[in-house]
Amino acid sequence: LHFLFVQLFVVFAGAMLFAKTRNSWKEGARGGAEYGFYLGLLPLFASLMNPLVFDGFPYYLGWCWGTISLIGWVGIGAITGLLYKRTDMIAAN
């Protein structure tokens, strides 16, 4: 149950960061996916520490775990990009 709350907090924090920096990203899902890619690099690199910390943790599994996390963040970013509109575009219309 704690993992669920931590994950929801991380997703909420990522969405809030995206909303605050929205004007610097491209419009729509493409801009959100780009944001998600850059944000997803953090857990990718963090997952590469697992083989160094846990005894017997295979190195390739760290890459798999990190890549799956990166793909998830790209998806979350694309969805967030569809939900949030750029404020400079709204003000221009």
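**Helix α4, its partners and the spaces beside them**

The axes of α2 and α4 come within 6 Å and cross at roughly 155°. Angles over 145 degrees count as roughly antiparallel, and α2 and α4 are therefore roughly antiparallel to each other. Their crossing is right-handed. The contact of α2 with α4 is built from 14 nonpolar and eleven polar residues, with no charged ones. All of this is read from a predicted model.

Now take α1 against α4. Here the axes come within 11 Å and cross at roughly 50°. That angle lies outside the ranges for roughly parallel, roughly antiparallel and roughly perpendicular, so α1 and α4 are oblique to each other. The crossing of α1 with α4 is again a right-handed one.

Next come the open spaces. The largest pocket has a volume of about 290 Å³. Three elements each give two or more residues to its lining: α1 (2-20), α2 (28-47) and α4. Helix α4 provides the largest share, six residues. The full lining consists of Q7, V10, P43, A46, S47, N50, W65, G66, S69, G72, W73 and I76. By class, this lining has six nonpolar residues, six polar residues and no charged residues.

What about enclosed space? A search of the whole structure finds one cavity of 30 Å³ or more. The volume of the largest cavity is about 40 Å³. Its lining draws two or more residues from each of α1, α2 and α4. Helix α4 gives the largest share here too, with four residues. The residues around the cavity are G14, A15, F18, Y35, L39, W73, I76, G77 and T80. They divide into six nonpolar, three polar and no charged.

Compare the two linings. W73 and I76 line the largest pocket, and W73 and I76 also line the largest cavity.

Finally, look at I79. This residue lies in helix α4, which spans residues 59-83. Is I79 buried or exposed? Exposed means over 50% relative accessible area; I79 has 52% relative accessibility, so it counts as exposed. P43, one of the residues lining the largest pocket, gives a reference point for its position. I79 and P43 are 36 residues apart in sequence. In space, their C-alpha atoms are 19 Å apart.

Methods. Residues are numbered from 1 along each chain as its sequence is written. This is a predicted model: local features need pLDDT of at least 70, side-chain atom pairs count only at pLDDT 80 or more; totals for chains, interfaces and linings use all residues. Side-chain values use heavy atoms; hydrogens and water are left out. Buried means under 20% relative accessible area, exposed over 50%, partly exposed in between (1.4 Å probe, protein chains only). On a 1 Å grid over the protein atoms alone, a cavity is a set of points where a 1.4 Å probe fits but cannot get out, and a pocket is an open set with protein on both sides within 12 Å along at least five of seven lines; lining residues have an atom within 4 Å of a point. Grid points are joined across faces, edges and corners, and a volume is the space filled by probe spheres set on the points. Ala, Val, Leu, Ile, Met, Phe, Trp, Tyr, Cys and Pro count as nonpolar, Asp, Glu, Lys and Arg as charged, and the others, Gly among them, as polar. Axes are lines fitted to C-alpha atoms, for helices over the stretch in contact, and angles run from 0 to 180 degrees between N-to-C directions. Angles under 35 degrees count as roughly parallel, over 145 as roughly antiparallel, 65 to 115 as roughly perpendicular and the rest as oblique. A crossing is left-handed if the near helix is turned anticlockwise from the far one by less than a right angle, and right-handed if clockwise.
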